[in-house]
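Visitor: I have a structure open and would like to learn how to read it. Could you take me through some features, one at a time?

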Amino acid sequence: MHAFIDPSIATFIDFRSGEHDPVHFHCVLPISVREAVVEVTRIMPGKAHTPEFSFEQATSDYLREVWGVSKFSWLSVERGSIPLGIRPGSSCGRHVRIGCPAGAVKATTGYGFTRILRQTQHIASTLASTGSPDAPRPCPRFRWYDRPFLKMWEHDPEHAVQFMMLLQPRLWI
């Protein structure tokens with residue numbers, strides 16, 4: 001396999017796959033010039049019936065058509081879902097919710113790593129200083145920002161894709 005990646009450049013929310021039915025995008029997180037974590041994210045409202053979708057086929061097509069890579073191998077495949085737009089649950093006693101159940105995932109992007117990191121740092125800090133965990137609440141304004149965009153994903157996904165491409169075109173060029 002030839003070198004195809006600049007390991008210093010990550011690609012986020014890349015809609016260049018061309019086909020958006022169902023709506024999906026890719027992220028490429030380079031490890032070296034010949035190895036990367038390639039993620040495909042499919043966006044679908046709730047438990048709606050959607051057409052069949054092969055993540056492996058979508059990723060293979062993306063690597064060939066966008067990156068020009070015809071020969072590659074899979075080291076591993078992971079699957080999961082991130083429910084977006086859920087209301088954070090309250091903590092109970094010494095049990096503290098973190099991550100998605102605590103509202104840390106940004107609904108418009110599905111990313112939550114830095115928010116979850118800040119949550120856990122805050123919890124650890126308050127636990128160490130007071131003996132009681134205190135989970136920070138997500139800022140209500142972000143929920144206000146996300147609401148119309150989530151409705152767009154649900155009711156007009158093609159315009160949501162166009163909107164995402166207008167927001168930060170440098171992410172997928």
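Visitor: Let me begin with alanine 124: what does its relative accessibility make it count as?

Guide: This is a predicted model, so please take each value as computed from predicted atoms. Partly exposed is the class between under 20% and over 50% relative accessible area. Alanine 124 has 43% relative accessibility, and therefore counts as partly exposed. You will find alanine 124 in helix H2. From the C-alpha of alanine 124 to that of alanine 135 is 9.3 Å in space, and the two are eleven residues apart in sequence.

Visitor: Glutamine 119 is in helix H2 too. Is glutamine 119 buried or exposed?

Guide: Buried means under 20% relative accessible area. Glutamine 119 has 6%, so it is buried. To see its surroundings, leave out residues up to four places away in sequence: glutamine 119 then touches Ile98, Gly99, Ala102, Ala104 and Pro136.

Visitor: Which residues of H2 are buried, and why do they lie on the same side?

Guide: The buried ones are Arg115, Gln119, Ile123 and Thr126. They share one side of H2 because the arc they cover around the axis is only 70°. Turn to the other side of H2 and you meet exposed residues, Phe113, Ala128 and Ser129.

Visitor: What do the buried residues of H2 pack against?

Guide: Their packing partner is helix H3, residues 140-155.

Visitor: How do I judge the length of H2 against what is expected?

Guide: Compare its end-to-end reach with the expected rise of 1.5 Å a residue. H2 spans residues 113-130, 18 residues in total, and its first and last C-alpha are 26 Å apart, close to the expected 26 Å. Just after the helix, glycine 131 takes a positive phi of about 85°.

Visitor: How should I read the confidence, and which element has the highest mean pLDDT?

Guide: Look at the chain and then at its elements. The mean pLDDT of the protein chain is 78, with 78% of its residues reaching 70 or more. Among the elements, H2 has the highest mean, 89, while helix H4 (residues 157-167) has the lowest, 77.

Visitor: Now the whole chain, please. In what order do the elements run from the N terminus?

Guide: The order is β-β-β-α-α-α-α, which agrees with a count of four helices and three strands. Of the 173 residues in the chain, 28% count as buried. The accessible surface is about 11600 Å², and carbon and sulfur atoms hold 57% of that. For contacts between residues at least 6 apart in sequence, 45% join residues at least 24 apart.

Visitor: And the strands: how many bridges join S2 to S3?

Guide: Count the bridges, then check the direction. Seven bridges join S2 to S3 (residues 36-42), and this pair runs antiparallel. One of the pairings to look up is histidine 24, whose bridge partner in S3 is arginine 42. S2 and S3 form a hairpin, with five residues between them. Strand S1 (residues 11-14) is also antiparallel to S2, joined by two bridges. There, aspartate 14 stands opposite histidine 26 of S2.

Visitor: How many of the residues of S2 are buried?

Guide: Strand S2 covers residues 24-30, and six of its seven residues are buried, so you can call this strand mostly covered.

Note on methods
Residues numbered from 1 in each chain as written. Predicted model: local features only at pLDDT ≥ 70, side-chain atom pairs only at ≥ 80, totals over all residues. Heavy atoms only, no water. Expected span 1.5 Å × (residues − 1). Buried < 20%, exposed > 50% of the residue type's maximum accessible area, 1.4 Å probe, protein only. Arc of directions from axis to C-beta. Contact = heavy atoms within 4.5 Å. pLDDT = per-residue confidence, 0-100. Areas by Shrake-Rupley, 256 points an atom, 1.4 Å probe, with all protein chains shown as cover. Pairing = 2+ DSSP bridges.
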